[in-house]
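Here is a short set of exercises to work through with the model open beside you. Try each task before reading its solution.

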Amino acid sequence: MRSGGSQSPAVQGFAGKPLRPAPLLEALVRAVTGVSQQEKRNAAVSPFGAGGDRLAERLPLRLLIADDNAVNQKVALMLLKRLGYNADAVGNGVEVLRALETKIYDIVLLDVQMPEMDGYETARRIVHKWATLEHERPRVVAMTGNAMQGDRERCLEAGMDDYISKPVQVDELKAALERWGTRPGGKQ
């Protein structure tokens, strides 16, 4: 017991020494998502994921992930890969704006707490830049560990279109992509 009477959190996995990349990644994925990569593979009905549905085949989208945490980036890329997407990833808001200058993205999955420029300011700048071309603006979906009351509203006030809390669940991610990938004026 710690001081104050609270118990320490249970250990969900471990990686033995010497550290090897695959077991370390497996332990980190399990800690972040609560499910091991093997359990995800076993749960898949087909090579295309649960239910045999590859969302990217039905709904082709150009996706950008913005997260300063490399593990979170890998988890997000892995979840999107399960849906059939090959997304790009950057580490902060400045890099998001640079990426949007060089390539067209349909959806930006944006962490809110990043160095150099946070997600709130990044979303404001995206909305401002596309103010007269709203139908061409990439949709911005917050993907953040901030899950306190008021966090969703703060994201929406900054101009984000939607909000997903971490750890990200594949069904929630899929629903957001379906919601914003078929928006009026969009490609679909």
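**Exercise 1. Place Gly91 and decide: is it buried or exposed?**

Start with its position: Gly91 sits in the loop that joins β2 (88–90) to α5. Keep in mind that you are looking at a predicted model.

Next, check the accessibility. Gly91 has a relative accessibility of 18%, and because buried means under 20%, Gly91 counts as buried.

Now look at what surrounds the residue. Leaving out residues up to four places away in sequence, Gly91 touches Asp67, Asp68, Gln73, Met114 and Pro115. Take Asp67 from that list: Gly91 and Asp67 are 24 residues apart in sequence, yet their C-alpha atoms are 4.9 Å apart in space.

**Exercise 2. Which residues does Asp111 touch?**

Find Asp111 in the loop between β3 and α6. With a relative accessibility of 7%, Asp111 counts as buried.

Then list the partners, again not counting residues up to four places away in sequence: Ala66, Asp67, Asp68, Gly119, Met143, Thr144 and Lys166. Asp67 and Asp68 are among the residues touched by Asp111, and Gly91 touches them too.

**Exercise 3. Describe how α5 and α6 pack.**

Two packed helices are described by the angle between their axes and the distance between the axes. For α5 (residues 93–102) and α6 (residues 119–129), the angle is about 25° and the axes are 9 Å apart. Angles under 35 degrees count as roughly parallel, so α5 is roughly parallel to α6. The crossing of α5 past α6 is right-handed.

Now pick out the residues. On the α5 side, Gly93, Val96, Leu97, Leu100 and Glu101 make the contact; on the α6 side, Thr122, Arg125, Ile126 and Lys129 do. Sorted by type, the residues of this contact are 4 nonpolar, 2 polar and 3 charged.

**Exercise 4. Do the same for α4 and α8: what are the angle and the distance between their axes?**

The angle is about 70°, and the axes are 10 Å apart. Since 65 to 115 degrees counts as roughly perpendicular, that word describes α4 and α8. The crossing of α4 past α8 is right-handed.

Here Leu79, Leu80 and Arg82 of α4 meet Val170, Leu173 and Leu177 of α8. This contact divides into 5 nonpolar residues, no polar ones and 1 charged.

**Exercise 5. How many residues does the largest nonpolar core have, and which elements each supply at least two of them?**

In soluble globular proteins, nonpolar side chains tend to be buried together. In this model the largest nonpolar core has 26 residues, and those with the most contacts inside it are Leu63, Leu80, Tyr85, Ile107, Leu109, Leu173 and Leu177. At least two core residues come from each of α3 (55–58), β1 (63–66), α4 (70–82), β3 (107–110), β4 (139–144) and α8 (170–181).

Zoom in on Leu173. Not counting residues up to four places away in sequence, Leu173 touches Leu79, Leu80, Leu83, Leu109, Ile164 and Val168.

There is also a second, separate core of 21 residues, which includes Val96, Leu100, Tyr120 and Ala158. Val96 and Leu100 are also part of the contact of α5 with α6.

**Exercise 6. How many helices and strands does the protein chain have?**

The count comes to 8 helices and 5 strands. From the N terminus on, they run α-α-α-β-α-β-α-β-α-β-α-β-α. Of the 188 residues in the protein chain, 40% are buried.

Notes
Residues are numbered from 1 along each chain as its sequence is written. This is a predicted model: local features need pLDDT of at least 70, side-chain atom pairs count only at pLDDT 80 or more; totals for chains, interfaces and linings use all residues. Side-chain values use heavy atoms; hydrogens and water are left out. Axes are lines fitted to C-alpha atoms, for helices over the stretch in contact, and angles run from 0 to 180 degrees between N-to-C directions. Helices (H or I, at least four residues) and strands (E, at least two) are DSSP runs, numbered from the N terminus. Angles under 35 degrees count as roughly parallel, over 145 as roughly antiparallel, 65 to 115 as roughly perpendicular and the rest as oblique. A crossing is left-handed if the near helix is turned anticlockwise from the far one by less than a right angle, and right-handed if clockwise. Contact means heavy atoms within 4.5 Å. Ala, Val, Leu, Ile, Met, Phe, Trp, Tyr, Cys and Pro count as nonpolar, Asp, Glu, Lys and Arg as charged, and the others, Gly among them, as polar. A nonpolar core is a set of buried Ala, Val, Leu, Ile, Met, Phe, Trp, Tyr and Cys residues joined through side-chain atoms within 4.5 Å. Buried means under 20% relative accessible area, exposed over 50%, partly exposed in between (1.4 Å probe, protein chains only).
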